[in-house]
Amino acid sequence: MPLISVIIPFYSKIQGLLKNSVSSALSQSVHDIEVIVVDDCSPVSAVDELADIKDERLKVVKHSKNQHGGIARNTGVKEAEGKFIAFLDYDDVWYANKLQKQYELFISEDNEHNSKAVVYSKCKIIDGKREFTRPRRKIEHGERIGDYLFCAQEIIQTSGLFLTRELALLTPFDNLKRHQDYQFCLALEAAGAKFVLLDEIVYDFIQIPKQIDYNFALSWLESYKQLLSADAVKGFKYLVVIRAMISAKDYRKAMMFSYRNKLLLLFFKALIKRAARLTLKQLKVVK
């Protein structure tokens, strides 16, 4: 029986990414692992992508229809045999000591043996030609997850999570097409989880450009706002909804939404930031 089960949900139209993530998992300094890839009825076949990898620790499970990443992760957790679960997105890459460091930190934090510790990690975010590190700080004692994510604007991303299988089974992902990591963190908080930051960069979070559906974001907020403070609700509206509206160039809708929610200053802040980023891009193209 393996110590750690690595769960990789897979749905992609792009070839070549899955092999990199799986290879980074199989190359961990901790060898007592299994890697479960859940092919969520992907247009690109996981079996075809991984045909060159011959490792008995690798297993592919296939959904008969697409059910989104959260349900694919739930499938992986149910299939898992390890005591611990670590999630990895198919387009991200772990460093070789990631699991070792998380396991050691978990053991040092779990001194009451209640198995409620959740270790999350710093990562290098690669967004095109931009590279930066997040989170910038740990979650403070008594700070709520929603405030950490949407007010402090820090991240707890799925590829950096490490927890017991028991806790993962207790707090499954909901069936969502987006914001799965937000929902999972809120569910963990509700179950009494203690979030512990591994204050070291141990993986690359590779961002693939995606248009955020702000109508879905509003629907998500309506479903989960009872788990958020009033400040976190405002933070989500700015960080996710308003910025998505501006990105979609629905400026009038973004301004009216901001006005109704008393967030006009944040609307103009987002507008200025977007204009500055576009200007910098144009300058780099000219150079």
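Helices (H or I, at least four residues) and strands (E, at least two) are DSSP runs, numbered from the N terminus. The model is predicted, so local features need pLDDT of at least 70 and side-chain atom pairs count only at pLDDT 80 or more, while totals for chains, interfaces and linings use all residues. Residues are numbered from 1 along each chain as its sequence is written, and side-chain values use heavy atoms, with hydrogens and water left out.

**Exercise 1.** State how many helices and strands the chain has, and judge its compactness from the radius of gyration.

*Solution.* The chain holds eleven helices and nine strands. Its radius of gyration (taken over C-alpha atoms) is 19 Å, close to the 19 Å that the globule rule (2.2 Å times the number of residues to the power 0.38) gives for 287 residues, so the chain is as compact as a globular protein of that length.

**Exercise 2.** Describe the salt bridge of lysine 62 and say whether each partner is buried or exposed.

*Solution.* A salt bridge is a side-chain nitrogen of Lys or Arg within 4 Å of a carboxyl oxygen of Asp or Glu. Lysine 62 pairs in this way with aspartate 39, their closest N and O atoms being 3.6 Å apart. The pair links distant parts of the chain, since lysine 62 belongs to strand β3 (residues 58-62) and aspartate 39 to strand β2 (residues 33-39), 23 residues apart. Buried means under 20% relative accessible area, exposed over 50%, and partly exposed in between (1.4 Å probe, protein chains only). Lysine 62, at 54%, is therefore exposed, whereas aspartate 39, at 1%, is buried.
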